[in-house]
Amino acid sequence: RILLETGCVRYDAQVPFSLAQGCESPLHVDARHVLGWPAERAELLRLALEMIDRDIGSDEVDCIACRTEGQGVPFASLIADRLGLPLVFVRRDTG
């Protein structure tokens, strides 16, 4: 709901989007748009922290990792900050 309301999800059956993976899709999600909406950003962060605590246990997490070339860097930064954990970057294997 939050991603739809903030314009993060776009659909165009006539002109497909070229995705980073090299394929085309009529559906495109750019979650970075939600960063400009403070209340919605806070709600997504709350939901992410709730999921981490419920599914893993916050006390079991020793760092937050994200890919350097993905959209997840700002979200991982917010989560790591909120949990008081280090943030590490994972690079894609090019070999």
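Me: What should the 18 residues of α2 span, and how far apart are its end C-alpha atoms?

Reply: Happy to start there, with the reminder that this is a predicted model. The idea is to compare an expected length with the one in the coordinates. At 1.5 Å a residue, α2 should span 26 Å. Its end C-alpha atoms lie 26 Å apart, which agrees.

Me: Which residues of α2 are buried?

Reply: Here the cut-off helps: buried means under 20% relative accessible area. In α2, Leu45, Leu49 and Ile52 are buried. Looking down the axis of α2, you find its buried residues within an arc of 60°, so they line one face of the helix.

Me: Which exposed residues sit on the face of α2 turned away from its buried side?

Reply: That face carries Ala39, Arg54 and Asp55, which are exposed. Just after α2 comes Gly57, with a positive phi of about 100°.

Me: What do the buried residues of α2 pack against?

Reply: They pack against α3. In general, two packed helices are described by the angle between their axes and the distance between the axes. In this model, α2 (residues 38–55) and α3 (residues 73–83) have axes that come within 10 Å and cross at roughly 65°. The crossing of these two helices, α2 and α3, is right-handed.

Me: Which residues of α2 and α3 meet?

Reply: From α2 come Arg41, Leu45, Ala48, Leu49 and Ile52, and from α3 come Leu78, Ile79, Arg82 and Leu83. Sorted by class, the contact of α2 with α3 has seven nonpolar residues, two charged ones and no polar ones.

Me: Could we turn to Leu3? Where is its place, and what is its relative accessible area?

Reply: Leu3 belongs to helix α1 (residues 2–5). With a relative accessible area of 29%, Leu3 is partly exposed. A contact list usefully leaves aside chain neighbours. Without those within four places in sequence, Leu3 is in contact with Cys8, Val9, Val29, Ala31 and Leu44. As for Gly84, it is 81 residues from Leu3 in sequence, and their C-alpha atoms are 26 Å apart in space.

Me: How many helices and strands are there in the protein, and in what order do the elements run?

Reply: The protein has three helices and six strands. Starting at the N terminus, the order is α-β-β-β-β-α-β-α-β. The C-alpha atoms fill a box of roughly 45 × 40 × 25 Å along the principal axes. Of the 95 residues, 20% count as buried. Among contacts with a separation of 6 or more, 40% come from residues 24 or more positions apart.

Methods:
Residues are numbered from 1 along each chain as its sequence is written. This is a predicted model: local features need pLDDT of at least 70, side-chain atom pairs count only at pLDDT 80 or more; totals for chains, interfaces and linings use all residues. Side-chain values use heavy atoms; hydrogens and water are left out. Axes are lines fitted to C-alpha atoms, for helices over the stretch in contact, and angles run from 0 to 180 degrees between N-to-C directions. Helices (H or I, at least four residues) and strands (E, at least two) are DSSP runs, numbered from the N terminus. A crossing is left-handed if the near helix is turned anticlockwise from the far one by less than a right angle, and right-handed if clockwise. Contact means heavy atoms within 4.5 Å. Ala, Val, Leu, Ile, Met, Phe, Trp, Tyr, Cys and Pro count as nonpolar, Asp, Glu, Lys and Arg as charged, and the others, Gly among them, as polar. The expected span of a helix is 1.5 Å times one less than its number of residues. Buried means under 20% relative accessible area, exposed over 50%, partly exposed in between (1.4 Å probe, protein chains only). The arc is that of the directions from the helix axis to the C-beta atoms.
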